[in-house]
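Reader: Could you walk me through one part of this model up close? I'd like to hear about the aromatic side chains and what sits around them.

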Amino acid sequence: MTSAAESERKLGTAASEALKIFKTWSDRHGLEISKEKTQFLLLSNLRRGPSIYWGSQRVKRTKTLKYLGVHLGSKLNWAHHLVQQGAKALQQHSQLVKLAGCTWGISPKLRTQLYRAVTERTVAHGVSAWGRYITYRMITKLSQKQRPLLLNITGAYRTSPTSALQVITGIMPLDIKLEAEAQLVQLIRLKKNLTIEGEEYNYETYEEKATGWSRHPAEFIDEERVNLEENLGVVRNQYIHGWL
């Protein structure tokens with residue numbers, strides 16, 4: 001639920017009225033909403049923030065909010081999201097260490113496959129929302145999360161440069177990989193034109209992926225096109241002559 005207003009007082013009133021409407025709807029459908037877990041995120045320069053009430057209880061304000069697995073911050077710099085996803089990546093790294101060491105365990109090829117299929121996908125969650133404008137700070141955080149995994153894959157010394165590890169394993173830097181995915185989503189799925197380093201990309205010049213059958217194949221069968229009696233006779237003759 002989102003609310004917007006010109007002033008702090010109007011914003012609080014609008015949000016409270018919206019919650020009243022939502023409460024009426026939830027009561028009518030027999031749904032119970034936890035007021036203690038309800039929070040709001042303020043995207044504004046206001047320091048104090050509005051007073052929002054759900055009935056007689058005041059809604060708590062939070063600096064970060066999780067929605068569909070994406071962590072939103074009040075400053076919209078995605079730093080908190082990268083920290084949380086990076087923590088998950090480090091947990092996966094600790095599990096990977098149990099499977100393979102520098103001189104034992106699964107092969108580097110399998111480690112690379114695990115990294116690309118699990119860890120990289122974990123960090124890339126929601127990249128279409130935050131990956132288009134990657135800042136230098138985000139690049140540093142992504143490199144820090146990727147480095148221990150590259151060390152485990154290669155078994156190299158801890159003093160090895162991250163760029164050298166990326167070349168050895170053939171794994172792209174996370175910031176380049178994620179930014180490319182975000183731009184691809186904007187171009188192919190959202191159908192928006194892109195301008196990258198002065199070069200324009202028009203979504204109309206790219207083919208659309210096949211979406212599969214829109215109707216069941218049985219709906220296209222015409223009874224006049226197929227004669228079951230003639231086909232069965234041919235099959236029966238072939239079967240008999242084949243055995244003879």
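Author: Here's a look at the aromatic cluster, followed by the surface and the cores.

Keep in mind that this is a predicted model. There are two aromatic pairs in the structure. One of them is Phe22 with Trp25, a stacked pair with ring centres 6.1 Å apart and 25 degrees between the planes; planes under 30 degrees apart count as stacked. Both residues belong to helix H1, and because they're three residues apart there, about one helical turn separates them. As for cover, Phe22 is partly exposed, at 28% relative accessible area, and Trp25 is partly exposed too, at 38%.

Phe22 also pairs with Trp54, this time edge-to-face: 6.1 Å centre to centre, with 75 degrees between the planes. Here the partners come from separate elements, Phe22 from helix H1 and Trp54 from strand S2 (residues 53–54), so the pair ties together parts that are 32 residues apart in sequence. Trp54 is buried, with a relative accessibility of just 5%; the cut-off for that is under 20%. Put the pairs together and you get one aromatic cluster of Phe22, Trp25 and Trp54.

Now follow Trp25 outwards. Together with Leu31 and Ile33, Trp25 makes a nonpolar surface patch of about 260 Å². Ile33 sits in the loop between helix H1 (8–28) and strand S1 (39–41). Why can Ile33 be part of a patch? Patch residues need over 30% relative accessible area, and Ile33 is partly exposed at 36%.

Then there's the inside. The largest nonpolar core has 22 residues, and Tyr115, Val123, Trp130, Met138, Leu142, Leu174 and Leu178 are the ones with the most contacts inside it. At least two residues of this core come from each of helices H2 (79–99), H3 (108–123), H4 (127–130), H5 (136–154) and H7 (174–189). H5 is the biggest contributor, giving six residues.

Trp130 is a handy place to zoom in on that core. Leaving out residues up to four places away in sequence, Trp130 touches Trp78, His81, Leu82, Val123, His125, Met138 and Leu178. Apart from this core lies another one, of eight residues, and that's where Trp54 turns up again, with Leu11, Ile52 and Val59 also among its members.

So, back at the cluster, Trp54 is the buried member at 5%, while Trp25 takes part in the surface patch with Leu31 and Ile33.

Note on methods
Residues numbered from 1 in each chain as written. Predicted model: local features only at pLDDT ≥ 70, side-chain atom pairs only at ≥ 80, totals over all residues. Heavy atoms only, no water. Patch = residues over 30% accessible without salt bridge, like charges linked within 9 Å, V, L, I, M, F, W, Y side chains within 5 Å. Areas by Shrake-Rupley, 256 points an atom, 1.4 Å probe, with all protein chains shown as cover. Salt bridge = Lys/Arg side-chain N within 4 Å of Asp/Glu carboxyl O. Helix = DSSP H or I, 4+ residues; strand = E, 2+ residues; numbered from the N terminus. Buried < 20%, exposed > 50% of the residue type's maximum accessible area, 1.4 Å probe, protein only. Core = buried A, V, L, I, M, F, W, Y, C linked by side-chain atoms within 4.5 Å. Contact = heavy atoms within 4.5 Å. Phe/Tyr/Trp six-rings, centres within 6.5 Å; stacked < 30°, edge-to-face > 60°.
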